[in-house]
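Hi,

Here is the structure I promised to pass on. Have a look at it first, and my notes follow right below.

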Amino acid sequence: MTGPLVPFREIVLKVHSRCDLACDHCYIYEHADQSWRTRPKTISDQAISWTALRLAEHATKHALPSVSVILHGGEPLLAGPARLRRVCEELTTALAPVTALDLRIHTNGLQLSPRHLDLFDEFGVKVGISLDGDRTANDRHRRFADGRSSHPLVLKAIGLLHQERYRHLDLGLLCTIDVANDPVAVYDALVALEPPRVDFLLPHATWEEPPPRPDGSPTAYAEWILAVFDRWNDGGRPVPVRLFESVLSTLNGGPSLTESLGLAPTDLVVVETDGTLEQVDSLKSAYEGAAATGFDVYHHSLDDVAAHPGVRARQLGLAGVGETCRRCPVVRSCGGGLYTHRYRADSEFDNPSVYCADLEALVRGIEHRTAAATAAPAVTDPGALVAEQHDLTRILLAELHSALDGRGGERWTAAWELAAAVERTSGGLDEVLAHPYTRTWLLDCLDALREGRAGAAALAGELSRYVAAAAVRGGVDLPVPVVPRGGVLYLPTLGELRLDAPGGAEVRATGEGFSVRTAQGAELRVERLAEEGAGWRPVRRGPGGVALDDLDPYRDRFGAPATGRLTRAAATDWSGRLEGAWALLRDAVPEQTGEAAAFLTTLTPLTGAEPAVGRHGYGALGLPVRGDERELAGALLRGFRRAKLRALLDVADLYALDGAWSHPSPWREEPVPVSALLAEAFERIGLPFDLASGCAAEEDIPSGHSDRAERALDLLESAAELTVSGKLLVAGVREELYRSRNRFAVPVRG
């Protein structure tokens with residue numbers, strides 16, 4: 001087993017090994033492992049002390065910010081308040097100097113009393129209570145040995161816990177599913193008790209002892225849970241349900257929130273009443289000794305347990321599940337199910353879960369029900385993408401203001417106040433913040449601050465140039481102090497003015513232009529922004545009003561060299577070829593061309609032969625200055641698609657980032673991560689076949705290109721890393737492929 005040890009952040013501490021109920025679905029007393037019979041009923045002082053010592057040692061070694069200890073059983077309340085106090089005191093004393101301690105107790109609640117709760121209040125012990133629903137549902141399994149109902153006593157315990165002085169200790173309710181119960185009645189009964197959280201648990205089962213399926217349905221448990229989900233979702237999600245939140249999180253690229261689902265490595269260890277260290281308790285459902293490690297707190301560290309092969313097997317993520325699961329599109333959400341539920345005598349745990357069909361149906365069912373509401377609007381709405389990109393730039397500006405924390409000096413403070421004044425008066429500030437190279441300046445400033453580089457404050461001081469440009473664009477008659485660089489004043493989105501005078505200056509909007517007063521008192525005027533002359537060089541405009549920006553000092557972050565200022569003749573020639581390129585695109589792909597023309601606001605000439613996106617904001621594209629109309633058309637469209645995907649990734653989670661999985665690519669010999677496969681497919685599939693040269697091999701045009709493109713989409717649709725938003729994007733790309741086929745009459749494969 002490779003990879004670093006995963007430290008334990010959660011300890012299940014068995015404080016009592018017996019129970020006051022006789023639940024017939026209990027994995028401790030009713031399943032394969034009967035080791036409880038040989039263990040002491042109550043944990044000893046020695047076992048408590050050594051457990052606290054080992055945990056403090058472990059937290060110190062791994063610099064853990066916090067650890068959770070769950071007091072468990074049997075029924076932990078049977079240990080009594082005095083023994084529980086000893087446990088809490090020992091753990092708190094050992095761990096308080098080292099890490100934050102999160103103490104919890106899982107109980108059936110029958111013994112709960114004010115004396116217990118006063119103790120728990122003193123040590124901050126949160127209380128989770130097991131309850132399987134209404135009386136009928138609960139008493140199907142949770143009964144006393146003589147058959148009496150436990151339901152009234154559990155409700156009494158919940159009522160006590162919900163008293164105002166104890167309510168903050170309430171951890172929520174744990175409900176074990178039985179498909180013979182009415183799912184809506186169970187859910188309603190639980191929610192009526194107003195718990196802070198509900199956990200629904202699948203009953204422990206293996207391939208040797210499969211779960212009951214009264215109607216024979218292979219997805220009976222999924223159907224039961226989805227009925228609860230519908231009730232929960234339609235009712236406005238009144239209480240957190242960890243099972244549902246975990247699936248929703250993983251569908252949107254986030255982590256799993258429960259051990260029973262997802263691929264997160266296990267970080268839990270069990271300490272039995274005799275000090276024995278064991279793996280997760282549920283393994284007792286598999287076979288006698290399945291949870292054993294051979295270690296104990298007296299002689300072994302928690303690192304010894306973390307290195308145990310059984311523990312390591314549950315820390316391998318995707319590599320820790322079977323081949324069938326690794327190929328499954330929902331594996332990030334289900335994670336192959338709980339490790340215990342994979343057990344089969346002949347192949348041990350190298351199997352899908354005994355609930356495999358249920359888990360797939362559950363994940364797909366929740367995705368189907370929520371995709372429209374949870375997918376990022378920017379994926380399908382170009383207007384939403386524009387708005388979210390503008391919001392992102394404003395967020396970065398606010399972040400820079402906060403990060404400076406006064407270090408920007410008087411220049412920053414004055415410029416910040418002037419920015420607010422300009423914004424109140426006109427829309428010029430919005431126009432300047434929408435400029436893609438404004439984003440580049442902000443990122444450079446934030447990087448300099450984080451790295452402690454000298455000159456960070458000076459970089460931030462350039463805010464005044466953006467405010468001055470905003471005032472000029474908005475026609476705001478307001479003097480804005482600026483500091484030119486090397487005798488040149490650059491106003492973003494407008495152009496640059498050579499001052500040939502040292503020191504600061506003051507910019508003021510005047511009619512269709514602006515004036516600049518130097519520190520020496522000289523005044524220069526630019527009467528018309530679009531006209532070159534008298535030291536003024538404007539940002540030129542190309543086809544459709546797009547900026548042809550060969551001046552901005554932040555335009556060189558493309559990863560490819562930008563040209564210097566083009567001569568007037570060269571700029572006119574480039575603009576003319578771009579006009580022809582847009583005309584070719586309007587004929588070939590009118591839908592895309594309309595979006596690209598709105599999307600691409602700023603084009604910068606590059607010396608290389610390829611389009612580039614770089615680290616700029618929404619709408620920037622670096623384009624070759626050379627090439628004929630057809631070559632520029634292909635570069636424009638490829639560059640637009642690269643830039644759009646980059647913009648989408650800025651504001652939407654299209655795939656999960658927690659795995660190093662690889663996928664075959666129709667365009668490469670070696671496997672690639674899902675990010676590369678998506679980028680290749682997104683760029684290539686949107687190209688009209690007659691403009692695909694430079695991106696696809698000659699044999700790919702047109703039928704080979706179509707065939708490879710469809711294979712790429714098939715691979716993406718089976719990729720577990722794609723989020724709901726990513727799947728929606730891939731579906732849109734498939735529609736583009738079909739439109740291209742129809743336009744060029746490419747035959748469908750097969």
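Four strands make up an open sheet with mixed pairing, in the order E17-E18-E19-E20. At its edges are strand E17 (540-541) and strand E20 (620-624), and each of these pairs on one side only. E17 and strand E18 (residues 547-548) run antiparallel and are joined by two bridges. If you want a spot to click on, try Arg541, whose bridge partner in E18 is Ala547. Keep in mind while you look around that this is a predicted model.

There is also an open sheet of nine strands, again with mixed pairing. Going across, the order is E6-E5-E4-E3-E2-E1-E7-E8-E9. Strand E6 (198-201) and strand E9 (292-296) are the edge strands here; each has a single partner strand, so one side of each has no neighbour in the sheet. On average, neighbouring strands of this sheet are turned by 25° against each other, ignoring direction. As a general reminder, strands of a sheet pair through backbone hydrogen bonds, in either a parallel or an antiparallel way. Strand E4 (residues 126-130) and strand E5 (residues 170-176) are a parallel case, with four bridges between them. Ser130 is a handy marker there, as Ser130 stands opposite Leu174 in E5.

Next, a single residue. Arg142 sits in the loop between helix H4 (135-138) and helix H5 (151-161). Is Arg142 buried or exposed? Its relative accessibility is 11%, and because the cut-off for buried is under 20%, Arg142 counts as buried. The side chain of Arg142 also makes a polar contact of 3.2 Å with the side chain of Asp132.

Last, the second largest pocket. It holds about 370 Å³ of space and has 20 residues in its lining. Which of them lie nearest the centre of the pocket? Those are Val379, Thr380, Lys644, Gly732 and Glu736. Three helices each supply at least two lining residues: helix H21 (590-599), helix H22 (629-651) and helix H25 (724-744). H25 gives the most to this lining, with eight residues. Sorted by class, the lining of the second largest pocket has nine nonpolar, eight charged and three polar residues.

That's what I have for now. Shout if anything is unclear!

Cheers

Terms used: Residues are numbered from 1 along each chain as its sequence is written. This is a predicted model: local features need pLDDT of at least 70, side-chain atom pairs count only at pLDDT 80 or more; totals for chains, interfaces and linings use all residues. Side-chain values use heavy atoms; hydrogens and water are left out. On a 1 Å grid over the protein atoms alone, a cavity is a set of points where a 1.4 Å probe fits but cannot get out, and a pocket is an open set with protein on both sides within 12 Å along at least five of seven lines; lining residues have an atom within 4 Å of a point. Grid points are joined across faces, edges and corners, and a volume is the space filled by probe spheres set on the points. Ala, Val, Leu, Ile, Met, Phe, Trp, Tyr, Cys and Pro count as nonpolar, Asp, Glu, Lys and Arg as charged, and the others, Gly among them, as polar. Buried means under 20% relative accessible area, exposed over 50%, partly exposed in between (1.4 Å probe, protein chains only). A polar contact is a pair of N or O atoms within 3.5 Å; within protein, one must be able to donate a hydrogen and the other to accept it, and residues adjacent in sequence count only if both atoms are side-chain atoms. Two strands pair if DSSP finds at least two bridges between them. Axes are lines fitted to C-alpha atoms, for helices over the stretch in contact, and angles run from 0 to 180 degrees between N-to-C directions.
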